[in-house]
Amino acid sequence: MPVLALDTSADIGVCLIQPSPGPGPGSSSGPAGAPASWRMPVVLAERRVTEQRRHAELLAPLVAEVLAEAGTDRREVTAVVVGTGPAPFTGLRAGLVTARTLAFALGVPVHGVSSLDALAAQAFAAGLAGEEVLVVTDARRREVYAARYRRRGPAGPDGPVIASGGTAGAAADATAPDVAPGAGWLPDVELLAGPLVDHAEALAAEAARPGTVIVGPGGLIYPEHLPLTPGAPLLVEPAVLAALALARAARGDALPTEPLYLRRPDVVPSAARKRATG
Amino acid sequence: MPDASLVLGIETSCDETGVALVRVHDDGNELLTDVVASSMDEHARFGGIIPEIASRAHLEAMIPTLTRALERADVDLGEVGAVAVTAGPGLVGPLTVGAAAAKALAVGLDVPLYGVNHVIGHAAVDELVHGRFPERVMALVVSGGHSSLLLVDDIATDVTELGHTLDDAAGEAFDKVGRLLGLPYPGGPHIDRLAREGDPTAVRFPRGLTAAKDQARHAYDFSFSGLKTAVARWVEAKQDAGEEFSLPDVAASFAASVADVLTAKTIAACRSHDVTTLVVGGGFSANSQLRELAAERCAEAGITLRIPPIRYCTDNGAMIGALGAAVVRAGVAPSSLDLPVDSSMPLTHVTV
Ligand SMILES: [Zn+2]
């Protein structure tokens, strides 16, 4: 039951994972009836292209590559997971329309998860100190996208996790990277504020609140206002998106794939004007 | 099992999300269905197409439009044997959404992908209406975005652009003149309506690029920007002098100039290239004076005139499905999955 996950909120990440249902070691029990956690999914194949422009050109070939590398027939894919941003418009749309259409073609569900959720979960999984995480990413135009999170459920190291215990069945495959390197467990996250788009300077006070961990590429661009916590994750891991999506879907959450644009369109008519009957 | 002869076409070069299903036959391709969703209403208040609004609308319309097309044709997605998509020319944001969707279908269905030329699609769609093209046809593609004269030796492999507009497209000139005459956007259809009540010989407006000096370099090129300026000057002069004038006469005289230039150059091109079939496509082929003058001049010159019904002249999936079917029939190699969209795709390229 492989799941394909992709994110185009900044660069391009695509991966194919094999989820491992069933409680992982050391996991707490979840809400009634819903599985609280999985073993860490196995990453069957993964591609990342650090390119911020040609999402629509590169994405489909990367999807074909991960399927080929994993030796997975496309018809075995059971769900498609996509990062819903926030992100600059064109690349984000390429990811969303690809995920929706691919799921449509395969006849499987498509799940959307905010790309910032993944970075927040990665921060907790990396064992960074702090009660709350402020995720900041590049919104261009001298602005950042930002959202504040805490762990879902009781805080602290004993809170519930959605995946743990290393990669189930992956022992034989030493090349499969961990979904959440370091802690070996992955919590779900709860949005406290945002997502919003603003100047880095306007978020400085928020970032300076005690106990706040700052993660995401926005901190690289505006270190004076948004100083990164050492070891902060900078890239959205599609496998984490997938783990979050599967846990939430199992809980019965709706996972819409609506884009988080956060900005209104610029209303400058195109130079190549066209009449209604084009 | 996919049927190699069933082509799904996707068009998103501007504000219309179009999806069509076309079946390839030896004697002429068959349109099974053609579904279009438009975001035009959202642009009207801005007086032009807003690319970002159009792109957002394409994303939201893609799956519903695909679903409706398959339902109407009573076809299962798994039967589709090839996917064709507009690779250009057009607006980058909108083109990108369609291309990404087409690629996802190609991967998800494991079928070949063909990135095709939108403008050539405007000519190809006529094959769905009037049957396969003869060996050689001339195509005049006129709309708000394009004004091109194409010599088509093979719609799938061999198209030569003889000329194009050097400034405004024909439909664009209509919209601009509509604006200066105080008509609502888009002005084209309003001018056409007014023109039908006016005297086309009332004012002699200039015919762009028809002077002897332009024959060498621009025999088959068009220019409508000087005409637009001439109309503006004429109207301003009348207004400054406090003279009354007939709006229908101005509209009719302006439209007559556009139709005269388009048809005169096209017929001349047919004559000099020994072509006896003319296809007129694109949304501007709805224009009354163009239709009448083309019919009259083709009859005089012994040229067979083919103009598809207006619903196939506007942007739609049928034109892309038609061209996709033509390239499948011709055995053209599929496009690469990493095909880029090209906002100014040259008209010498039928596919990418
Ligand atoms: Zn067009």
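## A salt bridge in chain B

B:Arg306 and B:Asp126 form a salt bridge, with their closest N and O atoms 2.5 Å apart. The pair ties together distant parts of the chain: B:Arg306 belongs to strand S10 (residues 304-306) of chain B, B:Asp126 to helix H5 (residues 126-130) of chain B, and the two positions lie 180 residues apart in the numbering. Keep in mind as you look around that this is a predicted model.

How many salt bridges does the structure hold over all chains? The count comes to 32. As a bit of background, side chains of opposite charge can pair when their charged atoms come close.

## Where chain A meets chain B

Now for the place where the two chains touch. Chain A brings 39 residues to the contact, and chain B brings 57 residues. Putting chain A and chain B together buries about 3,900 Å², and carbon and sulfur atoms give 66% of that area.

There are charged and polar links here too. The interface of chain A and chain B has 2 salt bridges. One of them runs between the side chains of B:Glu52 and A:Arg93, at 2.9 Å from N to O. Also across the interface of chain A and chain B are 8 residue pairs in polar contact, with both residues at pLDDT 80 or more.

Which helices of chain A each supply at least two residues of the side that touches chain B? They are helix H1 (55-70) and helix H2 (89-106) of chain A. H2(A) gives the most to that side, with 13 residues. Sorted by class, the side of chain A that touches chain B has 22 nonpolar, 6 polar and 11 charged residues.

## The sheet in chain A

Let's step over to a sheet in chain A. This one is an open sheet of 4 strands, in the order S10-S7-S6-S11 (chain A), and its pairing is mixed. At the edges are strand S10 (189-198) and strand S11 (212-215) of chain A, each of which pairs on one side only. From one strand to the next, the twist averages 20°.

Strand S6 (residues 132-138) and strand S7 (residues 144-151) of chain A run antiparallel to each other and pair over 7 bridges. To find your way along this pairing, look for A:Glu132, which stands opposite A:Arg150 in S7(A). The loop between S6 and S7 of chain A holds A:Arg141. The phi of A:Arg141 is near 50°, a positive value in a residue other than glycine.

## Two cis peptide bonds

Most residues other than glycine have a negative phi, and most peptide bonds are trans. In chain A, a cis peptide bond joins A:Gly194 and A:Pro195, with omega at about -5°. A:Pro195 sits in strand S10 of chain A, which is an edge strand of the sheet.

Chain B has a cis peptide bond between B:Tyr185 and B:Pro186, where omega is about -10°. Where does B:Pro186 lie? Look in the loop between helix H6 (170-180) and helix H7 (188-197) of chain B.

## The sheet in chain B and its helices

In chain B, 5 strands make up an open sheet with mixed pairing, in the order S3-S2-S1-S4-S5 (chain B). Why is one side of strand S3 (30-38) and of strand S5 (113-117) of chain B left without a neighbour in the sheet? These strands stand at the edges and each has a single partner strand, so one side of each has no neighbour there. The twist averages 20° from one strand to the next.

Strand S2 (residues 16-23) of chain B pairs with S3(B) in the antiparallel sense, over 8 bridges. Within that pairing, B:Ala20 has B:Asp34 in S3(B) as its bridge partner. Two helices go with this sheet. Helix H2 (residues 51-73) of chain B lies across strand S1 (3-11), S2 and S3 of chain B, and runs at about 30° to S2(B). Helix H3 (residues 92-109) of chain B packs on the sheet too, touching S1, strand S4 (80-88) and S5 of chain B, with its direction making about 160° with that of S4(B).

## A hairpin in chain B

One last stop: strand S7 (residues 147-154) and strand S8 (residues 158-164) of chain B run antiparallel and are joined by 6 bridges. The bridge partner of B:Leu149 is B:Gly163, in S8(B). How many residues does the hairpin use to join S7(B) to S8(B)? The connection takes 3 residues.

Conventions:
Residues numbered from 1 in each chain as written. Chains lettered and ligands numbered in written order. Predicted model: local features only at pLDDT ≥ 70, side-chain atom pairs only at ≥ 80, totals over all residues. Heavy atoms only, no water. Contact = heavy atoms within 4.5 Å. Buried area = accessible area lost by both parts, 1.4 Å probe. Salt bridge = Lys/Arg side-chain N within 4 Å of Asp/Glu carboxyl O. Polar contact = N/O pair within 3.5 Å; in protein donor to acceptor, adjacent residues only side chain to side chain. Nonpolar A, V, L, I, M, F, W, Y, C, P; charged D, E, K, R; others polar. Pairing = 2+ DSSP bridges. Axes fitted to C-alpha atoms, helices over the stretch in contact; angles between N-to-C directions.
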